[in-house]
Amino acid sequence: MSTTILAAGASAADNFGFMNAMKQGGPVTWTTAAILTIFLFFTLYILFTKIFEQQKIINQGRRVRATFWNSNSLQEGAAKLEKNSAYKQIVDDGIAAQQQHGRLTDPVEAHDWLHGSLTRSEAVINSQLGGGLAFLATVGATAPFVGLFGTVLGIYRALIGIGQAGQASIDKVAGPVGESLIMTAFGLVVAVPAVLAFNFLQRRNKAIAEHLSAFSTDVLGYLASEGAVRPAASRAATKAPPVSGAKPAATGTTTAGQAGGVQTRV
């Protein structure tokens with residue numbers, strides 16, 4: 001008796017299993033599943049490669065904040081940075097812009113020229129960080145509809161089976177309806193990770209862009225003042241402790257920067 005029940009269960013699994021449902025769907029169903037599989041593969045690929053790329057820049061930023069502004073010049077600090085560092089690119093572009101300003105025939109304010117060059121450098125880096133996010137947004141928006149396309153076809157075949165049989169027998173509709181539900185679930189399985197990955201990477205890119213902008217502001221202040229202005233934290237690290245009872249020295253103005261502000265000597 002138990003053998004008969006198990007055999008019947010195995011037969012039902014073969015008739016109404018995943019592979020059987022996909023076979024009933026035909027080439028259109030397999031094509032839909034292949035498209036969703038490709039979407040999922042590239043979603044995971046972009047997610048992990050972007051996390052690695054972002055973490056690399058985050059680690060570079062930590063090293064910059066720890067050691068860069070202790071250097072005697074931008075050239076010396078840039079030499080300590082990694083060859084392909086995003087922060088090194090900003091410093092190199094700032095130094096190159098300062099050198100190019102003296103060769104301009106049309107008079108342009110040095111501050112405007114340097115600011116424009118550093119802003120352009122930031123935009124290039126942010127554009128590279130944003131690569132692939134448009135694909136994630138597209139997958140998140142379209143994958144449910146691709147799965148819905150398979151769902152519609154499955155229900156359509158179920159209705160055809162009912163019409164040919166003349167009655168709604170379970171053996172005629174179970175396969176197409178099961179395949180349609182599989183396509184719906186598959187579309188959601190692909191879309192949800194894509195949306196989560198997009199929001200996660202977008203938030204990290206925004207944080208990185210804020211750090212790069214602050215660092216660019218510090219570099220601009222250094223170049224515009226010929227080294228007289230640098231982050232206040234780096235000055236505090238090298239400044240001798242005040243003599244007890246002495247009057248505090250006059251403080252300069254402070255502007256927002258990467259390490260909590262840029263102090264201007266007066």
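## A walk through the model, core first

Start by selecting Phe68, Leu74, Val91, Phe215 and Val219: in the largest nonpolar core, which has 24 residues, these five touch the most other members. Keep in mind as you click around that this is a predicted model.

Now colour the helices that feed this core. Two or more residues each come from α2 (18-67), α3 (74-80), α4 (86-101), α5 and α7 (170-224). Which of them gives the most? That's α7, with seven residues.

Next, zoom in on Phe68 and show what surrounds it. Leaving out residues up to four places away in sequence, Phe68 touches Arg63, Leu74, Gly77, Ala78, Leu81, Val91 and Phe215. Leu74, Val91 and Phe215 should still be lit up from your opening selection.

There's another core to find. Select Leu36, Val146, Val190 and Ala191, which are among the eight residues of a second, separate core.

**On to a pocket**

Head for the second largest pocket, with a volume of about 170 Å³. To see its walls, select Phe52, Glu53, Lys56, Ile57, Gln60, Asn84, Ser85, Ala86, Gln89, Ile125, Gln128 and Leu129. Helices α2, α4 and α5 each give two or more residues to this lining, and α2 has the largest share, with five. What is the chemistry like in there? The lining divides into five nonpolar, five polar and two charged residues.

**Zoom out**

Back to the whole chain in cartoon view. You should count eight helices and three strands. Going from the N terminus, the order is α-α-α-α-α-α-α-β-α-β-β. Try colouring by burial too: of the 266 residues, 35% are buried. If you draw contacts between residues at least 6 apart in sequence, 74% of them join residues at least 24 apart.

**Last stop: confidence**

Finally, colour by pLDDT. The chain mean is 76, and 71% of the residues reach 70 or more. Where is confidence highest, and where is it lowest? Helix α5 (residues 110-129) comes out highest at a mean of 89, while strand β3 (residues 262-263) is lowest at 38.

Select residues 1-13 to see a stretch with pLDDT below 50; beyond near neighbours in sequence, it has one contact in the model. Then pick residues 240-266, where pLDDT also stays under 50. Here the model has 45 contacts beyond four places in sequence. Don't zoom in too hard on stretches like these, because predicted coordinates should not be read in detail where pLDDT is low.

Definitions and conventions:
Residues numbered from 1 in each chain as written. Predicted model: local features only at pLDDT ≥ 70, side-chain atom pairs only at ≥ 80, totals over all residues. Heavy atoms only, no water. pLDDT = per-residue confidence, 0-100. Helix = DSSP H or I, 4+ residues; strand = E, 2+ residues; numbered from the N terminus. Contact = heavy atoms within 4.5 Å. Core = buried A, V, L, I, M, F, W, Y, C linked by side-chain atoms within 4.5 Å. Buried < 20%, exposed > 50% of the residue type's maximum accessible area, 1.4 Å probe, protein only. 1 Å grid on protein atoms, 1.4 Å probe; cavity = no way out; pocket = protein on both sides within 12 Å on 5 of 7 lines; lining within 4 Å. Points joined across faces, edges and corners; volume = space filled by probe spheres on them. Nonpolar A, V, L, I, M, F, W, Y, C, P; charged D, E, K, R; others polar.
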